[in-house]
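Got your viewer open? Set the display to cartoon and get ready to click along.

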Amino acid sequence: MTRRKMALAALTVLELPHPELVSVAAQAGYSHVGLRLVPVAGQPYLHPLDPAAIAARLADTGLGVLDVEVFRLEAGTNVAGYEEPIAVAARLGATQLLVHGADENEARLIDSFGRLCDLAGRYGLGVNLEPMPWVAISTVAKAKRILDGAQRRNAAHLADAIHFFRADNRLEELRGVPMNYVQFCDAGAGRPADMQEMIRQARFDRLPPGEGALPLKDFLDEIPKQIPISLEVPMTRKLPPLEKARLVYRAAVTALGS
């Protein structure tokens, strides 16, 4: 087993309630989990939130929580309204929040991102801005502008392999950018011309590392060594959750050379 921290992201087994996600991750060999405590529009499986049950399962298995998602910053987002899930994240021992920048007004987004960092900072949490091709913050360069504008010590960039290679990014842009962890997966060759198809693949149809065409070794070469890896690999392949989690874990360990 690799010594690197490896988290099973919620999206990989989104069909599972939170405590079952923890159990499956433990059985499959992961050290951590990612929890989706804030729902995302357009995706199924909105499970009831029972922090006590999650905490009990974490204690039983010895697993940690890497990140909590998804904190989406739009034009009208009430940042203070995110305090409840942030408090739950801290209670469960999470260290990171995952953020999507979906506000086209850069100055306003810098302000709301900074306020979210301040709120999370009161709970000792890092705030990680993940570029995606279909939101305002779609590239590493745009994420850097938000980080530079906000100037918060607990702010970082979150690179996701599929999003990185399907947007206008260059590998050298990853150098020197603060990163707390990285999301890892593979995908088929080419960049879909249709944005809805790009979204569909990202949400439902990725591949385990090494099964696709992304230049993952080049990607890993630009990522800080030994930062945690979150395996976010939703698949159309019909597999039981435990079998899917194990497949993804073993593929990642092979790709990482561990």
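Here is a tour that starts with the whole protein and then visits single residues.

**Stop 1: the whole thing**

Before you click on anything, keep in mind that this is a predicted model. Colour the cartoon by secondary structure and you should be able to pick out nine helices and nine strands. Now turn the protein around: along its principal axes, the C-alpha trace spans about 45 × 45 × 35 Å. How does the radius of gyration compare with that of a compact globule? For 258 residues, such a globule would come out near 18 Å, and this protein has 17 Å, so the two agree.

Next, switch on the surface. Its accessible area is about 11000 Å², and 50% of that belongs to carbon and sulfur atoms. Underneath, 56% of the 258 residues count as buried. If you colour by charge, you'll be looking at 29 positive and 30 negative side chains. The centres of those two sets lie 3 Å apart.

One more thing to keep in mind while you trace the chain: take the contacts between residues at least 6 apart in sequence, and 80% of them join residues at least 24 apart.

**Stop 2: Phe113**

Select residues 106-121 to light up helix H4, then show the side chain of Phe113, which sits in this helix. Is Phe113 buried or exposed? With a relative accessible area of 0%, Phe113 is buried, because the cut-off for that is under 20%.

So who are its neighbours? Leaving out residues up to four places away in sequence, Phe113 touches Leu73, Val99, Val127, Leu129, Ile146, Leu147, Ala150 and Ala155. Show them as sticks and zoom in. For a contrast, draw a distance line from Phe113 to Leu14: these two are 99 residues apart in sequence, and their C-alpha atoms are 26 Å apart in space.

**Stop 3: the cysteines**

Stay in the same mood and select Cys117. Cys117 is buried, at 1% relative accessible area. Then jump to Cys185, which is buried too, at 0%. A disulfide is a covalent bond between the sulfur atoms of two cysteines. How many disulfides does a search of the whole structure find? The count is zero.

**Stop 4: a cis peptide bond**

Select Glu69 and Val70 and show the backbone atoms. The peptide bond joining Glu69 and Val70 is cis, with omega at about -10 degrees. To get your bearings, highlight residues 64-73: that is strand E3, and Val70 is part of it.

**Stop 5: three glutamines**

Begin with Gln151, in the loop between helix H5 (140-150) and strand E6 (155-157). Gln151 has a positive phi of about 55 degrees even though it is not a glycine. Turn the surface back on and find it there: Gln151 counts as exposed, at 62% relative accessibility.

Now go to Gln226, in the loop between helix H8 (216-221) and strand E9 (229-231). Its phi is positive as well, near 70 degrees, and again the residue is not a glycine. At 56% relative accessibility, Gln226 counts as exposed.

Finish with Gln201, which belongs to helix H7 (residues 195-204). Is Gln201 buried or exposed? Its relative accessibility is 15%, so Gln201 counts as buried. Show its contacts, skipping residues up to four places away in sequence, and you'll find Arg166, Pro192 and Arg206.

How values were computed
Residues are numbered from 1 along each chain as its sequence is written. Side-chain values use heavy atoms; hydrogens and water are left out. Helices (H or I, at least four residues) and strands (E, at least two) are DSSP runs, numbered from the N terminus. The radius of gyration is taken over C-alpha atoms; the globule rule is 2.2 Å times the number of residues to the power 0.38. Buried means under 20% relative accessible area, exposed over 50%, partly exposed in between (1.4 Å probe, protein chains only). Contact means heavy atoms within 4.5 Å. Accessible areas come from the Shrake-Rupley method with a 1.4 Å probe; for residues, only the protein chains shown count as cover. Lys and Arg count as positive and Asp and Glu as negative; His and the chain ends are not counted. The place of a charge is taken as NZ of Lys, CZ of Arg, CG of Asp or CD of Glu. A disulfide is a pair of cysteine sulfur atoms within 2.5 Å.
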